[in-house]
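Open the model in your viewer and keep the selection box ready. We will go stop by stop, choosing what to select next.

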Amino acid sequence: MTKPAAIELDDLTIAYGGTPVVHGVSLSIPEGESFALVGESGSGKSTILRAITGLAPEWTGGMSVLGKPRGHGPDRALARTCQMVFQDPFGSLHPRKSVDTCLAEPLAIHGISGRDARVKDMLAAVGLDQRFRFRFPHQLSGGQRQRVAIARALMLEPKILLLDEPTSALDVSVQAEILNLLKKLRREQGLTYLLVTHNLPVVAFLCDRMAVMRHGRIVEIADVSALKSGTLSEPYSRELYAASGGLPQHA
Amino acid sequence: MSGLRAWLIDDSPASRLQANLGRAYRIWAALLRNPLAVVGGLIIAALIIMAIFAPVIAPYSPIGQDLDNRLVPPSAAHWMGTDELGRDIYSRVVYGARITLLIVTMVAVISAPLGLVIGAVSGYFGGWTDRVLMGVTDIFLSMPKLILALAFVAALGPGIENAIIAIAITAWPAYARIARAETITFRDSEFIAAVRLQGASATRVILNHVLPLCASSTIVRVTLDMAGIILTAAGLGFLGLGAQPPLPEWGAMISRGRNFILDQWWVATMPGFAIILVSLGFCFLGDGLRDVLDPKHGDRQ
Amino acid sequence: MSANLLEIENLTVTFPTPRGPVDVVRGISFTLGRERLGIVGESGSGKSMTGRAILRLIRRPGRVTAKRMLFDGIDLTAQTERQMRALRGARISMVMQDPKYSLNPVMTVGEQIGEALRTHAKLPRRDLDARVRAMLEAVRINDPDRVAKLYPHQISGGMGQRVMIAMMLIPEPDLLIADEPTSALDVSVQAQVLDIIDELVTGKGMGLILISHDLNLVSRYCDRILVMNSGEIVEECAAGKLAEATHPYTRGLLAAMPRMDEDRAELPVLDRSAWASGART
């Protein structure tokens, strides 16, 4: 009796305003895995994340999360299993809400008690000092905002985190801290990650498997060891690898 | 005092209360740095004080007639002169402040929230909801304010309450448009997506997340509109459709002073000055608020 | 006759804040010949401000002071705004990060490039068009006649950036400042754009200042590198010798970047107390 996959996509086609942007994507991500969707802009990788969460409702095909088929819109029940961390730390926090309000809100929506303690614990878990608790977003740096975004995503104790380019807007030194945090949280809570990025070295650090996407289609699915050793098979994957500064190596 | 100030602008507030008070303080301090805004604020404050303490400030009764002293020019005994029934104009202007304040406040209280909610709902949902609501808004927007108010008052009869309702009905469409435009700019933003992903209902998103962001521009617009509202109310009063005699409504006072404008200019002009001054005050204050609350000037609050 | 294209000594850029004046660039000095210089730093390091200060693009309330700021012998601090306008574009040009924001959306590509040339040279219409065409070919845009009639929103990001380069290089300046020219572009297009910049700059014997947050990129396309942190230059080295950098900030930055063949369990995090450059959590 096998466990259901954390995320299962079967011939998924997603459209925006009638125009298909993702074509026939099939993926199966087991629980506990860290999976990367890699590609350039327009490859459709972020669109897949949006479809899973229900923010991009125009899709056909099969989609299930932890064995339960997904509907086309956001879902209260899904909120407790799957959450998302967005790319832009400046845009993903409400400008008029303090960190405390931001973190307490998901608990209020689902009627979970003990908010004070949970907010405090979560701040500590993402490495933010308590003195940041009542600050507003404009009083925080990019790295701090992203920590708040991660904390917010984890407040409902989901098993799956969707990460849309979580460190692309951050400086290198801050990126390292956030990547370490993500790795630690995954280890401590047994989370499943679906990471979207165009940055291959980040994938090498954080992920187990990856899919390369181009123009809405999957070009290759490979183990990250293939990336690390420079032995990706498809020509487009090798192009991306080379453009990202990878030194060519032969299989 | 400096201890309190330091507590308010502390970078790391220790409680929700401290954080919110700190924000309010910063807005207040920024407003004080703008001299025109301060002038506007003082004028409005004077209006409010005059309205509250009218019985204490006004030397005479606003409706007491003194036919021996009809049409007396401004003098030491009557600072603004008397009108055709011998009533002291200054006292009438002071008591008239109550009526002006009442009209302006009631119109704002009725039309602003109505416009805000309609605009936010329309902008957030888009699609047919948007089209229907904006269609209704457009219908009201395309009606000339004064004429609609006239029609309304004509249907319901003259009086302050009906004047207030009439003006409010024509004022809300502008706020709906503003709220809708603002909502559209951030409805697809990530922080709204994030709260929807947490399972928030549309009501919660609109009330807790959309409205607070639309509030600033609405506050600014309402303040700037106050001048127009005062003038519209004065216009209705001028036409005899607002406050009825002997209430000392400024517009009605101007209307009656029309007959004497050449020889006894003060009867019409004094209430006119009052209207100008208060409108100016609201404009200055509104401009100052816009400079302070406008997100493009940085969310320094 | 100075061999140096640019000589900067003790350049400081100050901005007033509610908390008192803040120096975003603190007394930096460097020289530039007809070579490719990379300025690397994270956000807030002052690298972009340095580029803008050279072009005197920083307006009040920002203040720029320098002991010396010489461009080909001309004292940049002493120039009037009118004189600076004659320099900008004609002798010093700047390519910025995002063509979405730096190109005029209501003018066609050809018109904008033509305007850049017309500002500094009086040419008859036909010669102008020929020069624009030649420039579009030089930035490797196929079908230049068709592209010249397009509006900025009709072209891709990579093409937009190439148009920007064409615009900035058509008056044949001596110095090009490129401020994060590829940060808004896809990885595969980045190399193309940088190759074009490289080709044009070395072909015409120009000086290049490449400002970026990407150490690897800068080491691939420059001869010398300056590393900036909190407004100061903390390291200066030849591009090839980056691995032998000595300053703890540079070494920390190099170590903190994930590698393609990553095998570390944790990325080393910058220990900012090593050079006490101010608190930034």
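## Stop 1: chains A and C

This is a predicted model. Select chains A and C together. Here 24 residues of chain A are in contact with 22 residues of chain C. Which elements of chain A supply at least two residues each to this side? Colour α6 (172-189), α7 (200-206) and α9 (235-243) of chain A to see them. Of the elements on this side, α6(A) gives the most, with 6 residues. Now colour the side of chain A that touches chain C by residue class. You should find 10 nonpolar, 9 polar and 5 charged residues.

How many pairs of chains touch? There are 2, and the most contacts are between chains A and C.

## Stop 2: chains A and B

Switch to chains A and B. This contact takes 24 residues from chain B and 29 residues from chain A. On the chain B side, select α2 (16-32), α9 (190-197) and α10 (202-238), which each give two or more residues. The largest share comes from α9(B), with 7 residues. By class, the side of chain B that touches chain A has 11 nonpolar, 7 polar and 6 charged residues.

Now show chains B and C. They do not touch. Their nearest C-alpha atoms are 10 Å apart.

## Stop 3: a kinked helix

Stay on chain B and select residues 160-186. This is helix α8(B), with 27 residues. From its first C-alpha to its last it reaches 39 Å, close to the 39 Å expected at 1.5 Å a residue. Where is the kink in α8(B)? Zoom in on B:T170, where the kink is about 25°. The proline B:P173 follows shortly after B:T170.

## Stop 4: the sheet in chain A

Return to chain A and show the strands. An open sheet of 6 strands runs in the order β6-β7-β8-β3-β9-β10, with mixed pairing. Why do β6(A) and β10(A) each have one side without a neighbour in the sheet? β6 (82-85) and β10 (217-223) stand at the edges with a single partner strand each, so one side of each is left free of a neighbour in the sheet. Look along the sheet for its twist, which averages 20° from one strand to the next.

Next, select helix α5 (residues 142-154) of chain A. Helix α5(A) packs on the sheet and touches β6(A) and β7(A) (160-164). The direction of α5(A) makes about 170° with that of β6(A).

Finish with β9 (residues 209-214) and β10 of chain A. These two strands pair in the antiparallel sense over 6 bridges. For one partnership, select A:R214: its bridge partner in β10(A) is A:R217.

How values were computed. Residues are numbered from 1 along each chain as its sequence is written. Chains are lettered from A and ligands numbered from 1 in the order in which they are written. This is a predicted model: local features need pLDDT of at least 70, side-chain atom pairs count only at pLDDT 80 or more; totals for chains, interfaces and linings use all residues. Helices (H or I, at least four residues) and strands (E, at least two) are DSSP runs, numbered from the N terminus. The expected span of a helix is 1.5 Å times one less than its number of residues. The bend at a residue is the angle between axes fitted to the seven residues ending there and the seven starting there. Two strands pair if DSSP finds at least two bridges between them. Axes are lines fitted to C-alpha atoms, for helices over the stretch in contact, and angles run from 0 to 180 degrees between N-to-C directions. Two residues are in contact if their C-beta atoms, placed from the backbone, lie within 7 Å. Ala, Val, Leu, Ile, Met, Phe, Trp, Tyr, Cys and Pro count as nonpolar, Asp, Glu, Lys and Arg as charged, and the others, Gly among them, as polar.
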